[in-house]
Amino acid sequence: MKFIDTESTRRALPFDRLIPALREMFVEGCEVPLRHTHSLQAATDGPPQTVLIMPAWQHDRYLGIKTVAIFPGNSQRGLPGLFSTYVLYDARTGEPLAQIDGNEITSRRTAAASALAASYLAPPDARSLLVVGCGRVGSLVPEALRVVRPIERVMVWDRDESAASVLAARLRAQDIDATVASDLGRAAGNADIVSCATLATQPVIQGAWLRASNHLDLIGSFTPQMREADDACFVGARLFVDTPEALQKSGDLLGPMSRGVLAAGDVAGTLSELTGGKVQGRTEAHGRTVFKAVGTALEDLAAAMLVFRSCS
């Protein structure tokens, strides 16, 4: 069994290769059972701790299993809030083929999935981006989106202003016009795309801030207790999800649904429907689109296959 480290995993997943790999996998499809979610009772009071187990496979090809440990309280320890490991197997024999850095797979496929959705849903001439949340995933969103849209200006915001400053400086070093957003509401109103990648449990984006033509990308809120957008963000918008599981897992959707703001039938399409041409994405210059992702093991498998083939 190969052990593929962080740097090798990162090099194998450039976004100009990963985004097409995700598109191909969404078109082909694979077996994806509902993820197993286990809450861990913390020894002391603090934010909830969660373990996810996410399998996926294509018969006669590959089987992959990712485990994810989500510990939001790690920010106080100077550690990432999420750790994951990925193991790839031969689906014909069950032979373990590779253990891959799950953190890199998770963060890069998550940003790539947002970019894949944006390639169908964001305004074609989108040039300004607001990133809310400057952690591992949020810091990759500008690079991923620049593959599919002509992004020229990036604004970044984080509850920890120093994290926003670090990301803005890193982007400027890549010759990207990047600034720290001092006023989140004003920045949201000035951005063509607003992308949120946080572990928030209360809304950080308000619909009143957004323009009618915004594309809102919601990456966090992958459990019922988490939320990034208030109800007004969805009013009058075309809503797309990565998979139907989002309707069962995301507090961003479960809350508005419980209050009658949304219904399951209001979802305009999934990523597999968009990539397969079964539904249309953005069809006019004006009109807000919202993409809500909770992540899917399909994306992990596509990324792991790309890594394994690149490193073999």
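**Exercise 1. Find the strands that helix 3 lies across, and describe how the helix runs relative to strand 14.**

Solution. Begin with helix 3, residues 102-121, which lies across strand 11 (215-218), strand 12 and strand 14 (289-292). Next, compare directions in this predicted model: helix 3 runs at about 155 degrees to strand 14. Then turn to helix 5 (residues 161-173), which also packs on the sheet, where it touches strand 8 (153-157) and strand 9. The direction of helix 5 makes about 170 degrees with that of strand 9.

**Exercise 2. Work out the strand order of the open sheet, and name its edge strands.**

Solution. First, write down the order of the eight strands, which is 9-8-7-10-11-14-12-13, and note that the pairing is parallel. Second, look for strands that pair on one side only: these are strand 9 (177-180) and strand 13 (267-270), the edge strands. Third, follow the sheet from one strand to the next, over which the twist averages 20 degrees. Finally, examine one pair in detail: strand 12 (residues 238-241) is joined to strand 13 in the parallel sense over three bridges, and Val241 has Thr270 in strand 13 as its bridge partner.

**Exercise 3. Describe how helix 3 and helix 4 cross, and list the residues that meet.**

Solution. Start with the axes of helix 3 and helix 4 (residues 141-148), which come within 8 Å and cross at roughly 35 degrees. The handedness comes next, and helix 3 passes helix 4 in a right-handed crossing. Now list the residues on each side: helix 3 brings Arg108, Ala111, Ala112, Ser114, Ala115, Ala118 and Ser119, while helix 4 brings Val141, Glu143, Ala144, Leu145 and Val148. Sorting the residues of this contact by character gives eight nonpolar, two polar and two charged.

**Exercise 4. Characterise the second largest pocket by its volume, its lining and the helix that gives the most to that lining.**

Solution. As a reminder of the approach, rolling a probe the size of a water molecule over the atoms shows where empty space is left. The second largest pocket has a volume of about 260 Å³. Its lining consists of 16 residues, and those that lie nearest the centre are Gly135, Arg136, Ser139, Leu140 and Arg170. When the lining is sorted by character, it divides into six nonpolar, four polar and six charged residues. Last, trace the lining back to the helices: helix 3 and helix 5 each supply at least two residues, and helix 5 gives the most, with five residues.

Definitions and conventions: Residues numbered from 1 in each chain as written. Predicted model: local features only at pLDDT ≥ 70, side-chain atom pairs only at ≥ 80, totals over all residues. Heavy atoms only, no water. Pairing = 2+ DSSP bridges. Helix = DSSP H or I, 4+ residues; strand = E, 2+ residues; numbered from the N terminus. Axes fitted to C-alpha atoms, helices over the stretch in contact; angles between N-to-C directions. Contact = heavy atoms within 4.5 Å. 1 Å grid on protein atoms, 1.4 Å probe; cavity = no way out; pocket = protein on both sides within 12 Å on 5 of 7 lines; lining within 4 Å. Points joined across faces, edges and corners; volume = space filled by probe spheres on them. Nonpolar A, V, L, I, M, F, W, Y, C, P; charged D, E, K, R; others polar. Left-handed = near helix turned anticlockwise from the far one by under 90°.
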